[in-house]
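Biologist: Could you take me through one part of this model up close? I'm new to this, so please keep it friendly and go step by step.

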Amino acid sequence: MRKLKNDELDRLTLEEFKTTEKLPLVLILDNVRSMNNVGSAFRTSDAFAIEKIYLCGITAQPPHREINKTALGATESVDWEHAENTATLCKNLQQQGYKVLAVEQADDSTSLENFKIEEGQKYALVFGNEVFGVEDDVIDAADGCLEIPQFGTKHSLNISVSIGVVLWDLTRKIKFG
């Protein structure tokens, strides 16, 4: 076994990525404080070829050195838009046919392993502030909550880890059944 070189990975060019079919997923970052987490969200979104990222409220926007440090160019490949109010954005996306799911620990949440993809459905996934999580008014506006099962002593995962776990799980279910 040997590690592959970058030119052996057969990745898309930026131009090819822009025109390739995307997964029917968008990310909503609800008042995320860390620019490193924002950059990681871009990089992970590029890896899974999602449609778009919405940066809401106080969430930092590219271009910024701290975002670029972890995004590694993904701010150029992944479409993004700023929205001032996350709950209003959720309602607008619902009117466009998206099912809005907050990734949060809440009563009546659906554990990620039990979540079933509806064929043809588009999803908007809301990830919250590193300290306070997804705002209550956003949870109220959402169609439901997804929860990542955890088995240790900590109450939460870092947002960048949560994004990776959720996007992988939904990508697997969409692409591979």
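Modeller: Here is a walk around one pair of helices and the places next to them.

Keep in mind that this is a predicted model. Our pair is helix α2, residues 35–47, and helix α7, residues 159–176. Their axes sit 9 Å apart, and the angle between them is about 15 degrees. Angles under 35 degrees count as roughly parallel, and α2 and α7 are therefore roughly parallel to each other. The crossing of α2 past α7 is right-handed.

So who actually touches whom? On the α2 side, the residues are Asn37, Ser40, Ala41, Thr44 and Ser45, and they meet Ile159, Ser160, Ile163, Gly164 and Leu167 of α7. Sorted by class, this contact has six polar residues, four nonpolar ones and no charged ones. If the spacing of those numbers looks odd to you, here is a handy bit of background. An α-helix has 3.6 residues a turn, so residues three or four places apart point the same way.

Let's look at α2 on its own. Its 13 residues should span 18 Å at 1.5 Å a residue, and the end C-alpha atoms are 19 Å apart, which agrees. Quite a list of its residues is buried: Asn37, Val38, Gly39, Ser40, Ala41, Phe42, Thr44 and Ser45. The cover over them includes α7, as well as β1, β2, α3, α4 and β3.

One of those covering strands, β3, holds Trp80. Trp80 and Phe42 are 38 residues apart in sequence, yet their C-alpha atoms are 9.0 Å apart in space. Trp80 is in contact with Phe42, and also with Lys52, Ile53, Leu55, Gln61, Pro62 and Thr75, leaving aside neighbours within four places in sequence. Even so, Trp80 counts as partly exposed, at 29% relative accessibility.

Pro62 brings us to a small surprise. The peptide bond from Pro62 to Pro63 is cis, with omega near -5 degrees. You'll find Pro63 in the loop between β2 and α3. For background, most residues other than glycine have a negative phi, and most peptide bonds are trans.

The phi half of that background matters on both sides of α2. In the loop between β1 and α2 sits Asn31, whose phi is positive, near 55 degrees, although Asn31 is not a glycine. Asn31 is also buried, with a relative accessible area of 18%. In the loop between α2 and β2 you meet Ala49, another residue that is not a glycine but has a positive phi, of about 50 degrees. Ala49 counts as buried too, at 16% relative accessibility.

Asn31 has a neighbour from far along the chain. Phe132 is 101 residues away in sequence, but the C-alpha atoms of Phe132 and Asn31 are separated by 9.4 Å. Phe132 belongs to the loop between β6 and α6. Unlike buried Asn31, Phe132 is exposed, with a relative accessible area of 68%.

Now over to the partner helix. α7 has 18 residues and reaches 25 Å from its first C-alpha to its last, close to the 26 Å expected at 1.5 Å a residue. Its buried residues are Ile159, Ser162, Ile163, Val166, Leu167, Asp169, Leu170, Thr171 and Lys173. What covers them includes α2 plus the strands β1, β2, β4, β6 and β7. Ile159, Ile163 and Leu167 may ring a bell, since they also turned up in the contact with α2.

Lys173 deserves a closer look. This lysine in α7 is buried, at 13% relative accessibility. Setting aside residues up to four places away in sequence, Lys173 touches Leu112, Glu113, Phe115 and Ile117. Just after α7 ends, Gly177 takes a positive phi of about 85 degrees.

One last stop is Ser109, in the loop between β4 and β5. Ser109 is partly exposed, with a relative accessible area of 22%. Apart from residues up to four places away in sequence, Ser109 touches Glu104, Cys145 and Glu147. Ile148 is 39 residues from Ser109 in sequence, while the C-alpha atoms of the two are 9.6 Å apart.

To come back to where we started, α2 and α7 lie with their axes 9 Å apart, and each helps to cover buried residues of the other.

Terms used. Residues are numbered from 1 along each chain as its sequence is written. This is a predicted model: local features need pLDDT of at least 70, side-chain atom pairs count only at pLDDT 80 or more; totals for chains, interfaces and linings use all residues. Side-chain values use heavy atoms; hydrogens and water are left out. Axes are lines fitted to C-alpha atoms, for helices over the stretch in contact, and angles run from 0 to 180 degrees between N-to-C directions. Helices (H or I, at least four residues) and strands (E, at least two) are DSSP runs, numbered from the N terminus. Angles under 35 degrees count as roughly parallel, over 145 as roughly antiparallel, 65 to 115 as roughly perpendicular and the rest as oblique. A crossing is left-handed if the near helix is turned anticlockwise from the far one by less than a right angle, and right-handed if clockwise. Contact means heavy atoms within 4.5 Å. Ala, Val, Leu, Ile, Met, Phe, Trp, Tyr, Cys and Pro count as nonpolar, Asp, Glu, Lys and Arg as charged, and the others, Gly among them, as polar. The expected span of a helix is 1.5 Å times one less than its number of residues. Buried means under 20% relative accessible area, exposed over 50%, partly exposed in between (1.4 Å probe, protein chains only).
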